[in-house]
Amino acid sequence: MSDIIMPHQISDEPLLVAANLGKSYGRLAACRDVSFELYSGEVLAIVGESGSGKSTLLQLLSAQLAPNTGSVSYRMRDGVTRDLAAMGEAERRFLFRTDWGFVHQDPAMGLRMAVSAGANVGERLMAVGQNHYGKIRQTATSWLERVEISADRIDDAPRTYSGGMRQRLQIARNLVTEPRLVFMDEPTGGLDVSVQARLLDMMRTLVSELGLSAIIVTHDLAVARLLSHRVMVMQGGRVIETGLTDQVLDDPREPYTQLLVSSILPA
Amino acid sequence: MIPMIDIRNAEKTFVMHLQDGIRLPVVRNVSFHVAPGECVVLSGPSGAGKSSILKMIFGNYRCDSGMIGVRHQGDVVDIATAEPRQVLNVRRDTIGYVSQFLRAVPRVAAIDVVAEPLLAVGVAREEARERAGALLKRLNIPERLWKLPPSTFSGGEQQRVNIARGFISDLPILLLDEPTASLDAANRAVVVELVAEKKRAGVAMVAIVHDDEVRHLIADRLIDVASFAAAA
């Protein structure tokens, strides 16, 4: 049973709508006919094994990849829902730097490894127009504390950090601009189990305190159970089963989902 | 009186695709209703489908056919066909579930595990913690444990944390799956009291209780689940 509680809806309009999304590489269809709606405050997990198309889907949803078919629309902060493909590149980049976050599996992809932790967090603030050094440093410090990085490490570069700390720093860098939607690609992959638990607990708290919407790609069903309200199961580029997370995991209907659920090793 | 829960001809079968698609019928023709302030206890032998019925009402198990009507903020929501986010709204504002086991979240303190349902409906943290502490005290969880994550607690302590989490909110429906299974007599008596208070507050409850004494004390009505047996 899931214990994650749904926050009150701020709006009845979906935040993000995917309609008939598809992407193929030559004759290989990486992702076919995906449609869903995401509401504010909702956390959606996309699960499936390697090659199921889940990472491609995440790239389509976050406009890093253009679909062959279908569209993604997003309700902007001004309440107007826009088709991402119809937006200019500059507009999309601005969205990416402000109202969206993207947490990569490998923190080195989402961080600048050679500059200080404080600068990594501050950079996103400067991108939204903040220019007061003292205020930026203060905000950066408070975010580092929130992700449990001691303030005396603010001037160190993330390459001196452990894997778990880097991932927490990447999360702080993403959340500092108060995005409404965060994409996460295997956020706990490659971390030790104890480090994972700490990160998951932290993400769970942040998501519920900030009322964030999130789309999380993971092959780890435990991550889906702990963090998400809803889950989509992908196989061969298609969504084969979708529903409430605890319902899909406790009462899986499709053969492939039953296989995934039954493949978890008991702890 | 308008029932809080109104189930009609609900049916559930598991299809096990990994075992050659074998069909395991669980229940069929499940029909009953529960009024506000009433505690209905499901009876019947192990494997008769009692827990499955609770899980279907909560939307944790799917319902293959029939209707599971739940009164939610003045309307009737059919859990059998509701959208996921509708079910999540019903769980936040209408139905609470006390399971046998606590699914502990790593590192979250017991008092916060208990307070969380109140925070979710907008109660201030101070007040939520205060109410959580009061309930933990009633359930004889020593104060020195409140700040610790319950994953290290004994089975009985975990169950009491779980009961506190289930009973803390003011939801109009509660589902209780063996809430007293691993409790001693003193704590069983506390749970019986808590159920009585919920009845007075008009809460509709469906419970599974194996302990005869507790069942006798809380049940307003028994429903024999064997009559819903799906196996031919």
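This is a short conversation about reading the chain contact, the nonpolar core and a sheet in a predicted model.

Reader: Let me start with the contact between the chains. How many residues does each chain bring to it?

Author: Happy to help! Interface size is often given as the accessible area lost when the parts come together. Here we can go by residues instead: chain A gives 23 residues and chain B gives 22 residues.

Reader: Which helices of chain B supply at least two residues of the side that touches chain A?

Author: Look for helix H2 (84–93) and helix H3 (110–120) of chain B. H2(B) makes the largest share of that side, with 6 residues.

Reader: And how do the residues on that side of chain B divide by character?

Author: You will find 11 nonpolar, 5 polar and 6 charged residues there.

Reader: Now the interior. Which residues touch the most other members of the largest nonpolar core?

Author: As a general idea, nonpolar side chains tend to be buried together in soluble globular proteins. In this model the largest nonpolar core has 137 residues, and those touching the most other members are Ile46(A), Leu227(A), Ile57(B), Val114(B), Leu136(B) and Ala164(B). H3(B) provides the largest share of this core, 6 residues.

Reader: Last one: what is the strand order in the open sheet of chain B?

Author: Read across its 5 strands as E6-E7-E8-E3-E9, with parallel pairing. Strand E6 (95–98) and strand E9 (221–224) of chain B are the edges, each pairing on one side only. Direction ignored, neighbouring strands of the sheet are turned by 20° against each other on average.

Reader: Where could I look at one pairing in detail, say E7 with E8 in chain B?

Author: Try residues 173–177 of E7 and 204–208 of E8 in chain B, which pair in the parallel sense over 5 bridges. There, Ile173(B) stands opposite Ala204(B) in E8(B).

Definitions and conventions:
Residues numbered from 1 in each chain as written. Chains lettered and ligands numbered in written order. Predicted model: local features only at pLDDT ≥ 70, side-chain atom pairs only at ≥ 80, totals over all residues. Contact = placed C-beta atoms within 7 Å. Helix = DSSP H or I, 4+ residues; strand = E, 2+ residues; numbered from the N terminus. Nonpolar A, V, L, I, M, F, W, Y, C, P; charged D, E, K, R; others polar. Core = buried A, V, L, I, M, F, W, Y, C linked by C-beta atoms within 7 Å. Buried ≥ 20, exposed ≤ 12 C-beta atoms within 10 Å, placed from the backbone. Pairing = 2+ DSSP bridges. Axes fitted to C-alpha atoms, helices over the stretch in contact; angles between N-to-C directions.
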